[in-house]
Amino acid sequence: MMELTIYGRGGQGGVTLAKLIATAYFLRGKEVQAFGLYAAERSGAPLQAYVRVDDQEITNHNLIREPDHIVVLDRTLIGPNLVIGLKRDGWIILNTPEPPSAFADRFPGRCVATLDATAIAIAGGLGTRAVPIVNTTMLGAIARVFDLPWSDVEAALDDLKFGGPNIASAREAFDKVAHARLTGTAVETTPASSNGRVAGLLDGDLGARPLIHTGDWATHQPERQQLTPPCNFGCPAGNDVRGFVEAIGRENHNDALAILLKTSPFPGVCGRVCPAPCMDACNRSRFDESVNIRDLERYAADHGTRPEPIAPWRDEIVAVVGSGPAGLSAAYHLARLGYPVTLFEGAAELGGVMRTGIPAYRLPRDVLGEEINYILRHGVAVSAGRFLSRADLLRLSHEYAAVFVGTGLQDSRAMNLGAAAKDFVEQGIGFLDRVRKHETRLDGLSVVVIGGGNTAIDAARSALRVGARTVRIVYRRTRAEMPAIREEIDEAVEEGIALDELVLPLRLERNGASAVLTCQRMRLGEPDESGRPRPVPETSEDAQYDLSCDRVILALGQTSNIAILPEGSEIHQDGALLGLSGGPIFAGGDFATNEGTVTAAIGSGRKAALHVHRTLSGENLFPPPAGPVAEPDVIRMHLFTHARGEHGAMIAPADRRRTFAEVRLGLIDEPAHRPAATEAQRCFSCGVCNACDRCVEYCPEGIVLRDGDAYRFDYGYCKGCGICASQCPRGVIYMAEL
Ligand code: FAD
């Protein structure tokens, strides 16, 4: 944007000159704005007029305090204070008979152009001798200085119906204006208000800012703050959610991916399987609908390019045990910090539950494989195929500078359903692993799944996909209390899986080739120690009933097997194992925290890497504690417009029941519609300035100033009206009491 201020006196045509300049640019296809400050418009009284020119729509309408260029129509207004706020390379275009060099002392280092517009206007009969109208003449001079062709001057004059001597005078000025960059020594400027008199708001001697510092009257003044966006606060991996969403809004997918990769090596995985606590925290959910952050994360992973990894450069080697999301995240972050890492995994393949538990219709194996490969390309060595013992772990602690243990939850909870169980019952985790290895089919069978977590839902949906005739989930509480991801429950029901709520299986008995599962109806009682309502048995006559089935899958949760931990050790709050000799051992992921999500395991692995780094190097790279969160009440929601969220495409339920093809397809661009960018632009950017400029546009005094991406307030003239704060949609500007 180009901003120009004209200083003149009433009657000289300053406001019309602003219109003429704007018209010249408008006729070239630019967006323009021209207006005057009319408070003192009478013959001879000083006035100011303003012009803005830009390629984009101009939305702010306030006074120009820091112009790119200035034009002075009256030589009596030429003074040193004119240049206060003027951009360093801006032109000072003066109506004066003196050459530019005459101003070397007053405007050293500045670009000055001069023209005796008064003489030309008088000779052309424009205005009177006492008050010549110099606007059209000065237009010619300005056009030449700004490199506008003469034809633009003619077009502007013609558009505003100026003819005859106006054209001749403008042409003379166009040919005669002298311009130069001046050198010279700086001159002392005495503050204009120091002369002891009371200055007018538009003081003739000053020709610039008001002499009265109206900011002195203020009782409040605006301040800026950065709050923590609730999505960032709610992300267990520590992702800068707002930041990557903003980058997608700019359609910069590499930036978006780079932001995510700072904290997580698994944006493609999390963009598919994360329960997305960030979306629960999203303030937009109180307005219309949460931003679809999960699909945006997936979009960033699928569309961004990963930067080339750097090889480790440090001497201290680190061992990581367990290649679930916790171990892989720890390995990734340690490698990025420069440590050579060896990853020890008991199974033949890497990935932990991401590979053995989460089915391919939710997490395609090529997506997982690509993200694991990227981690390994950071110079991470792998030793797979042997589960380590307690003795192995102690040995590693002596061979490596530090050890991280992320061995997950290895033991499944059991349920005593009687002797027949051994022929009909299997554990969900084992079932899912066998399904992925194509080792089991359930063609034509009736299957009952017991449980309410992710394993139960995944086992039920997988059972359907390996041929089960009917699948029924029984859960002792209600759907609302099921720990499984909500969307997964919905999708299971859409696929035709029955859900029996408030049901507790009691015993299983053989019935020919099939079985009968006797169940107890339950109701919700008082909350238990987990805070959830405790299921208590119904006592009515029909409180028990039988379900016939061919197979029962148990999905009652898992617990960690601490047999790997050295005797006498205990897990400290930061994951460190205390009471051991050798290098430090840290534990994390579900093994240590049982938080039960991929994203929490990623965050735990990253924290462990930072702990290891601090222990080995003394350097603390932990991010500072999060500042206050941008709660819904600081967001000015009325300043936003409602917009429906973009949802990713999905395979129809009928088509997906028998296939492991990915169910959700994510946000897909079309030639005329780019849903990811549209969705990202729904983000409120809670508590973080995104340079929307409303504060600049709405400040009636023009004292909110933008320097590149930064903003500042000219407190000298800020009366503390609070309009900027009331117009800041995201709670960044607030009014502080003085
Ligand atoms: P794990 O993923 O369990 O990895 C531990 C690794 O350590 C394994 O590879 C194991 O083989 C290895 N290991 C164990 N002992 C040893 C040893 N002695 N020596 C060497 N290696 C060893 N979370 C979500 O966020 N979204 C979901 O959609 C989701 N779905 C799930 C579905 C299922 C069926 C299950 C069971 C869990 C699901 N979860 C989901 C939870 C999530 O997968 C886990 O919270 C997460 O994987 C825990 O990561 P981790 O690294 O701590 O452990």
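1. The ligand is surrounded by 35 residues, and the closest of these are Val-273, Glu-345, Arg-362, Asp-590 and Val-598. The model is a predicted one, and the remarks that follow should be read in that light.

2. Backbone atoms of the protein make polar contacts with the ligand. At Val-273, a polar backbone atom is placed 2.8 Å from a nitrogen atom of the ligand. Oxygen of the ligand is approached elsewhere: a backbone N or O atom of Ala-326 lies 3.0 Å from an oxygen atom of the ligand, and for Pro-325 the corresponding distance from a backbone N or O atom to a ligand oxygen atom is 3.3 Å. On its own the ligand has 990 Å² of accessible area, of which the protein covers 94%.

3. Concerning confidence, the protein chain has an average pLDDT of 90, and 94% of the residues score at least 70. Residues 185-207 require separate mention, as the pLDDT there is below 50. This stretch nevertheless has 38 contacts in the model beyond near neighbours in sequence.

4. The largest nonpolar core comprises 64 residues. Within this core, the residues with the most contacts are Phe-244, Ile-248, Phe-266 and Leu-296. Leaving aside residues up to four places away in sequence, Ile-248 touches Ala-256, Leu-296, Tyr-299 and Ala-300, together with Ala-676, Ala-677 and Ala-680. Another core, of 43 residues, lies apart from the largest one; among its members are Leu-17, Tyr-25, Val-51 and Val-53.

5. The structure holds 0 disulfides. Two cysteines may be examined in this respect. For Cys-278, the closest cysteine sulfur is that of Cys-274, and no bond is assigned because the separation of 6.1 Å is too far. Cys-278 is also buried, its relative accessible area being 9%. For Cys-695, the closest cysteine sulfur belongs to Cys-692; at 6.3 Å this is likewise too far for a bond. Cys-695 counts as buried, with 8% relative accessibility. The cut-off applied to a disulfide is a pair of cysteine sulfur atoms within 2.5 Å.

Note on methods. Residues are numbered from 1 along each chain as its sequence is written. This is a predicted model: local features need pLDDT of at least 70, side-chain atom pairs count only at pLDDT 80 or more; totals for chains, interfaces and linings use all residues. Side-chain values use heavy atoms; hydrogens and water are left out. A nonpolar core is a set of buried Ala, Val, Leu, Ile, Met, Phe, Trp, Tyr and Cys residues joined through side-chain atoms within 4.5 Å. Buried means under 20% relative accessible area, exposed over 50%, partly exposed in between (1.4 Å probe, protein chains only). Contact means heavy atoms within 4.5 Å. pLDDT is the predictor's confidence in each residue, from 0 to 100. A residue is near a molecule or strand if one of its heavy atoms lies within 4 Å of it. A polar contact is a pair of N or O atoms within 3.5 Å; within protein, one must be able to donate a hydrogen and the other to accept it, and residues adjacent in sequence count only if both atoms are side-chain atoms. Accessible areas come from the Shrake-Rupley method with a 1.4 Å probe; for residues, only the protein chains shown count as cover.
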